[in-house]
Amino acid sequence: MLPRCAFSVCHVFVLVLCLSSAEDFDWTKNDHSSFYYGTFPAEFSWGAGSSAYQTEGAWDKDGKGLSIWDVFSHKKGKIQHNETGDSSCEGYHKIKDDVNLIKELKLNHYRFSISWPRLIPTGIKSDHINERGIQYYDELINQLLENKITPIVTLYHWDLPQVLQEKYGGWQNISMVNHFNEYANLCFERFGDRVKYWITFNNPWSIAVEGYETGEHAPGLKLRGTGAYRAAHHIIKAHAKVWHTYDTQWRAKQKGLVGISLSGDWGEPVDISNQKDIEAAERYVQFYLGWFATPIFHGDYPQVMKDFIGRKSVQQGLGMSRLPTFSPQEKSYIKSTCDFLGIGHFTTRYITQKSNPSGRSSGSYFTDRDLAELVDPRWPDPGSEWLYSVPWGFRRLLNFVKTQYGNPMIYVTENGVSEKMPCTELCDDWRIQYYKDYINEMLKAIKDGVNVKGYTAWSLLDKFEWDEGYSERFGLYYVDFRNKNKPRYPKASVQFYKRIIGFNGFPNQREVENWRRKAVETCSSSNQLLAADPLTSHMEMVTEIVVPTVCTLSILLSAILLMFLLRRRN
Ligand code: NOJ
């Protein structure tokens with residue numbers, strides 16, 4: 001997940017704007033009357049996404065090795081309610097069911113990730129390849145293609161093989177570059193005849209910051225001020241290497257594309273007439289998205305990161321910057337290694353300048369930025385604490401990508417909203433609102449000239465939400481985690497998203513309102529279905545356990561009785 005936890009642990013000041021100061025801001029940005037009715041380009045691709053650890057379950061099945069998330073989630077106190085992804089949605093055993101849901105939505109693409117330790121249990125290719133893992137992804141890919149659904153495949157959605165963590169320190173170690181390249185090469189070799197869209201890394205910001213700086217995510221290291229920068233440095237090199245491998249060894253034959261999926265909140269200056277706030281907001285985005293996008297598109301880190309981290313390192317009395325450097329050869333090797341850019345976007349912050357005192361002991365990713373984050377209390381926040389619905393920020397972020405990185409081909413790889421409801425609720429009106437407004441802002445961005453080719457709703461199913469366990473539900477489909485069969489139920493947003501896909505946009509206000517009304521109408525009957533679920537499970541228990549047991553007992557008793565009668569006759 002994204003920054004919520006980062007805020008609390010690293011003492012970033014999230015200030016809530018007082019209502020009294022509201023007049024200072026241009027609230028018309030949220031004005032719903034500015035909705036844009038129109039259609040997307042004819043070839044636009046609609047999809048939904050998932051990731052291996054969050055949905056597959058089967059954590060120790062069929063020869064899979066341990067990942068850092070298996071180990072992390074089994075440690076007490078790391079995940080809400082000590083939940084784990086051990087069985088999660090049981091996606092490993094439900095390919096057919098899930099492909100049917102994707103068909104039901106009429107999606108053009110499905111984004112999923114491959115679990116590295118399921119294919120290579122130790123992470124080191126020369127050790128052993130797990131053919132049963134290969135078979136699982138083969139089957140998933142084949143079923144998608146049989147149904148004309150394009151697979152978009154992420155190679156790394158956070159589940160590093162545990163052996164690589166224990167042996168080398170994971171992404172702190174440069175040797176990950178070669179191991180990851182070997183693994184990626186195996187995927188190109190085995191699946192590349194059918195997979196044409198590859199994403200090397202999902203959200204490296206989170207891997208680096210939450211995995212190695214705050215320690216809220218696996219592997220749980222708290223290497224303040226250096227860990228995140230070092231991990232990111234190796235991830236960027238690994239991405240570039242894999243892109244070159246594909247380019248030189250596979251592209252001519254397989255004709256696919258290799259990109260990366262970066263996440264980024266938008267940062268808006270608190271006071272747009274204040275130069276310091278403007279610069280702070282720019283810095284926020286550069287430290288987030290730019291940290292990875294600038295090397296990949298232009299060959300080196302954003303100048304502002306080099307300046308700020310360099311200066312603060314000197315003030316700390318360090319001989320060199322905590323931000324590692326690329327050699328000239330590395331810069332040209334890393335530059336332009338992106339066939340398409342994946343964007344994961346959920347929310348926005350207001351940003352203001354705030355200097356952090358520098359001293360010997362200070363220095364962290366968060367304090368290096370010299371800024372404070374603010375939110376408007378009127379922004380809707382139905383689910384995760386960090387996730388405020390601010391649709392206009394999406395359009396700004398997409399335009400930022402266009403101008404900063406030469407209008408690259410973009411696939412939105414994640415966008416969506418969660419709910420925190422403990423009770424079962426399929427009538428997710430707020431999710432309909434979120435999707436409607438965010439997708440509309442993306443449409444406006446396309447009209448602005450941003451080259452967005454596809455959109456991926458996050459996520460297809462409710463699933464394991466990292467350190468939040470199962471408490472935050474992002475799915476279009478509700479998953480009943482209490483039932484061992486993990487049944488899926490459509491939320492109202494399924495019907496609404498389906499209409500957007502069917503029309504390839506938004507026809508007019510009356511029609512869109514109709515979609516919404518109908519979607520909410522159907523969900524009340526699904527709600528009843530779900531409410532009846534405990535009864536269904538009970539019935540299942542009766543047919544699966546009670547009936548066979550009674551039958552067996554009756555046969556046994558009859559046999560004993562028969563023997564008894566026969567004996568008496570003799
Ligand atoms: C980004 C992560 O890639 C994804 O796994 C997670 O579910 C979402 N953020 C929501 O937190």
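The following dialogue examines the ligand site, one helix and several salt bridges of a predicted model.

Student: What makes the contact between the ligand and Asn202 a polar contact?

Tutor: An oxygen atom of the ligand lies 2.7 Å from an N or O atom in the side chain of Asn202. The cut-off is 3.5 Å, so the pair qualifies as a polar contact. Side-chain N or O atoms of Glu465 and Trp466 also approach a ligand oxygen, at 2.5 Å for Glu465 and 2.9 Å for Trp466. The protein covers 100% of the 300 Å² of accessible area that the ligand has on its own.

Student: Which classes of residue form the shell around the ligand?

Tutor: The shell holds 8 nonpolar, 4 polar and 3 charged residues. Among the closest of the 15 surrounding residues are Gln54, Glu414 and Trp458.

Student: Why is helix α8 called mostly covered?

Tutor: Of the 16 residues in α8, 12 are buried. A residue counts as buried when its relative accessible area is under 20%. The buried residues of α8 include Met176, His179, Tyr183 and Phe191. The helix, residues 176–191, reaches 22 Å from its first C-alpha to its last, close to the 22 Å expected.

Student: What makes Glu131 and Arg190 a salt bridge?

Tutor: Their closest N and O atoms are 3.0 Å apart. The limit is 4 Å, so the pair counts as a salt bridge. Glu131 belongs to helix α6 and Arg190 to helix α8, and the two residues are 59 residues apart.

Student: Are Glu131 and Arg190 buried or partly exposed?

Tutor: Glu131 has a relative accessible area of 38%, and Arg190 has 26%. Partly exposed residues lie between 20% and 50%, so both values fit that term.

Student: How do you know that Arg516 is buried, and what is the state of its partner Asp429?

Tutor: Arg516 has 14% relative accessibility, so it counts as buried under the 20% cut-off. Asp429, at 31%, counts as partly exposed. The side chains of Arg516 and Asp429 meet in a salt bridge, at 3.2 Å from N to O. Arg516 is in helix α18 and Asp429 in helix α16, so the pair ties together parts that are 87 residues apart in sequence.

Student: What places Glu419 and Arg431 in a salt bridge, and which network do they belong to?

Tutor: The closest N and O atoms of Glu419 and Arg431 are 2.5 Å apart, and the limit for a salt bridge is 4 Å. Both Glu419 and Arg431 are buried. A network of salt bridges links them with Asp428, Asp462, Arg473 and Lys491.

Technical notes:
Residues numbered from 1 in each chain as written. Predicted model: local features only at pLDDT ≥ 70, side-chain atom pairs only at ≥ 80, totals over all residues. Heavy atoms only, no water. Near = heavy atom within 4 Å. Polar contact = N/O pair within 3.5 Å; in protein donor to acceptor, adjacent residues only side chain to side chain. Areas by Shrake-Rupley, 256 points an atom, 1.4 Å probe, with all protein chains shown as cover. Nonpolar A, V, L, I, M, F, W, Y, C, P; charged D, E, K, R; others polar. Helix = DSSP H or I, 4+ residues; strand = E, 2+ residues; numbered from the N terminus. Expected span 1.5 Å × (residues − 1). Buried < 20%, exposed > 50% of the residue type's maximum accessible area, 1.4 Å probe, protein only.
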